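Here are some exercises to work through with the model open beside you. Try each task before you read its solution.

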Amino acid sequence: MNEIVGSHDILLVTLDTLRHDVAAELAATGRTPNLARLLPGGRGEERHAPGSFTYASHQAIFAGFLPTPAAPGPHPRLFAARFAGSETTAGGTFVYDTPDLVSGLAEEGYRTVCIGGVGFFNGRGPLGSVLPGMFQESHWEPEFGVASPTSFEAQVARAEDVVRELPDEQRLFLFVNVAALHQPNWFHLPGATPADGDSRATHAAALEYVDRHIGRLFAAASSRRRCFAVVCSDHGTAYGDDGYTGHRIGHPSVWTVPYAHFLLDHTPAEAAR
């Protein structure tokens, strides 16, 4: 990461609430071709979330604790604050002297931009301002939120605007919290009604919706130079599994998430169109 930071733009995408088993099933059956084209091995790696709901998980992620490989460790981290005794800080880890990764990258000259999705990023009130407040620039509007059937398209359009307006020489750390998979998601399944409610099938349909548009986000993020991308879930959610529904609970459907990091080759904006 010490070769990446300073030379590449960086994109962090959290597919909020995405379950690992659903992501793996769709990858195996060819239902997420755009993600499969770029993810190593065509699918997300099975990992354990650092928290069971959005706020806790993102506090950890922004401190450098990305989802942990689902195998015995210790596992060296990509990013870490400098502190004595860390067993997961290695030679390839980007170490910063600030409290969190966002400010650490800002110290390295990055423009830090948040495009929020779920309510913890809406900037409405003190709690909804904590996470976006870490960034130099943050964006949220109702069209990005969980109730919008076109939330991800709207977020991608804003990301394209952000990238377009930056000077070419300015390095960018772009964070996008994708709200589309979070409840309510019934409207992503053709023919579904509010009475049908949310289910594992509507969750899967929401991921297919995200996949249809994520290529535009990758193209924008790599339109100025090579980009290092991290795409992961912050936690999963239960749809009646063992009697559980929702998240902020200790169930495998919540703790087990997909994760990937990879390089996006530079794709000039003209070529991306």
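**Exercise 1. Find what the buried residues of H1 pack against, and how they are arranged around the helix.**

Step 1. The buried residues of H1 pack against strand E2 (45–48), H7 and E12. Packing here rests on contact, meaning heavy atoms within 4.5 Å. Helices (H or I, at least four residues) and strands (E, at least two) are DSSP runs, numbered from the N terminus.

Before going on, a word on the source: this is a predicted model, in which local features need pLDDT of at least 70 and side-chain atom pairs count only at pLDDT 80 or more, while totals for chains, interfaces and linings use all residues. Residues are numbered from 1 along each chain as its sequence is written, and side-chain values use heavy atoms, with hydrogens and water left out.

Step 2. List the buried residues of H1: His20, Val22, Ala23, Leu26 and Ala27. Buried means under 20% relative accessible area, exposed over 50% and partly exposed in between (1.4 Å probe, protein chains only).

Step 3. Look down the axis of H1: its buried residues fall within an arc of 165 degrees, so they line one face of the helix. The arc is that of the directions from the helix axis to the C-beta atoms.

Step 4. Just after H1, you will find Gly30 with a positive phi of about 75 degrees.

**Exercise 2. Work out which element gives the most to the largest nonpolar core.**

Step 1. A nonpolar core is a set of buried Ala, Val, Leu, Ile, Met, Phe, Trp, Tyr and Cys residues joined through side-chain atoms within 4.5 Å. In the largest one, with 40 residues, Leu11, Leu174 and Leu217 touch the most other members.

Step 2. Elements giving two or more residues include helix H1 (20–28), helix H7 (200–221) and strand E12 (256–264). The answer is H7, with 10 residues.

Step 3. Leaving aside residues up to four places away in sequence, Leu217 touches Leu11, Val13, Phe152, Val156, Ala159, Leu174 and Val176.

**Exercise 3. Trace the salt bridge between Glu25 and Arg200, and that between Arg31 and Glu208.**

Step 1. A salt bridge is a side-chain nitrogen of Lys or Arg within 4 Å of a carboxyl oxygen of Asp or Glu. Glu25 and Arg200 meet at 3.1 Å, N to O; Glu25 sits in helix H1 and Arg200 in helix H7, 175 residues apart.

Step 2. For Arg31 and Glu208, the closest N and O atoms are 3.1 Å apart. Arg31 lies in the loop between H1 and helix H2 (33–38) and Glu208 in helix H7, so this pair ties together parts 177 residues apart in sequence.
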